[in-house]
Amino acid sequence: MRAADTTTDGDPTASARRPRNDPGQYDDLADEWWRPDGAFAMLHWLAAARAALVPPASRPDALLVDIGCGAGLLAPHVVDKGYRHVGVDLVGSALRQAAGHGVVPVNGDATAVPLATGCADVVAVGELLEHVPDWPAAVAQACRVLRPGGTLVLDTLNDTALSRLLAVAVAERLPGVPRGIHDPGLFVDARALVAECARYGVRLRVRGVRPELPGTLRWLARRAVPGRRGRPTPAGRAPRIVPTFSSAVLYQGRGMKDG
Ligand SMILES: C[S@@+](CC[C@H](N)C(=O)[O-])C[C@H]1O[C@@H](n2cnc3c(N)ncnc32)[C@H](O)[C@@H]1O
């Protein structure tokens with residue numbers, strides 16, 4: 001499937017009629033960002049898991065740069081860690097929501113981040129790289145803005161047949177999951193990502209992750225009950241993202257920059 005393919009498939013939403021991976025989809029789906037049971041529900045679960053990899057700030061004025069921050073879903077999970085949270089994204093409607101959650105918004109492209117070299121104590125790159133046609137350029141920028149001794153945390157989808165099957169062919173047919181949000185041609189090979197980070201002195205360690213099964217089944221069952229979909233997930237009941245033996249689909253990475 002190429003980036004120019006469209007994804008009508010009878011889906012009435014404007015988003016589904018756009019080309020795959022069109023950033024305009026995030027405008028179409030802007031009201032979904034902060035709905036815990038909405039189209040971006042899994043991004044909430046992933047944000048919690050990503051935040052767990054972020055160390056507490058080691059100095060006053062420490063900066064966390066969140067590249068491809070979307071509507072700032074990471075913010076509530078890092079708010080107590082002591083960082084100034086700066087978010088970089090292409091999409092204005094998402095950045096405005098991020099600002100409402102305490103993120104300092106910066107409009108910019110992940111491949112040309114308008115921030116100073118070495119400014120960040122932590123760089124977070126959550127569910128972004130699989131949306132960037134030139135992902136090595138985005139990695140170069142993430143590593144550039146990271147200070148020596150700083151921490152890079154990321155998660156993305158692996159460039160495997162299983163990942164394309166589960167994240168696109170299966171997931172995009174589930175009710176409530178946006179169609180065409182991913183271009184499987186852009187998925188990121190985990191070994192290539194580790195090698196790319198190493199070029200910039202960031203020793204990335206990756207591990208496979210997945211949503212835990214019982215919580216996910218409970219969550220799906222709740223959503224299937226008429227009248228319950230759209231209501232917030234009760235506190236503490238969102239499915240957790242847990243480590244798994246294989247990084248063939250979804251994986252997290254964490255690494256410190258030399259120096
Ligand atoms: C799947 S969302 C993830 C958002 C956020 N990191 C999270 O996990 O909630 C991908 C985000 O990346 C942004 N994005 C895609 N391509 C980008 C690029 N080249 N530069 C900056 N942001 C980009 C989109 O606008 C969107 O907000």
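**Core, strand pairing and ligand shell**

Leaving aside neighbours within four places in sequence, L152 is in contact with V123, A142, C143, L146, C197, V202, L204, G255 and K257. The model is predicted. L152 also ranks among the residues with the most contacts inside the largest nonpolar core. The others in that group are V65, I67, V123 and A142. Two of these, V123 and A142, are contacts of L152 itself. The core holds 64 residues in total. In soluble globular proteins, nonpolar side chains tend to be buried together.

The protein has 259 residues, of which 42% count as buried. Nine helices and eight strands are present. Contacts between residues at least 6 apart in sequence were also examined, and 72% of them join residues at least 24 apart.

Strand β8 spans residues 250–257. Seven of its eight residues are buried, and the strand is thus mostly covered. Two strands pair with β8. Strand β5 (residues 146–157) runs antiparallel to β8, with seven bridges between them. Within this pairing, G253 of β8 stands opposite L154. Strand β6 (residues 202–211) is likewise antiparallel to β8, also over seven bridges. Here Q252 of β8 is the bridge partner of R207. The contacts of L152 include G255 and K257.

The ligand is surrounded by 21 residues. The closest are G68, G70, L73, A110 and G126. By class, the shell comprises 13 nonpolar, five polar and three charged residues. Helix α3 (residues 41–51) supplies the largest share, three residues.

One of the closest residues, L73, was examined further. L73 sits in the loop that links β1 (63–67) to α4 (75–78). Is L73 buried or exposed? L73 is buried, because 28 other C-beta atoms lie within 10 Å, and the cut-off for burial is 20 or more. Beyond residues up to four places away in sequence, L73 touches W33, L43, H44 and A47. G126 is another of the residues closest to the ligand. L73 and G126 are 53 residues apart in sequence, yet their C-alpha atoms are 9.9 Å apart in space.

Conventions. Residues numbered from 1 in each chain as written. Predicted model: local features only at pLDDT ≥ 70, side-chain atom pairs only at ≥ 80, totals over all residues. Core = buried A, V, L, I, M, F, W, Y, C linked by C-beta atoms within 7 Å. Buried ≥ 20, exposed ≤ 12 C-beta atoms within 10 Å, placed from the backbone. Contact = placed C-beta atoms within 7 Å. Near = placed C-beta within 6 Å. Helix = DSSP H or I, 4+ residues; strand = E, 2+ residues; numbered from the N terminus. Nonpolar A, V, L, I, M, F, W, Y, C, P; charged D, E, K, R; others polar. Pairing = 2+ DSSP bridges.
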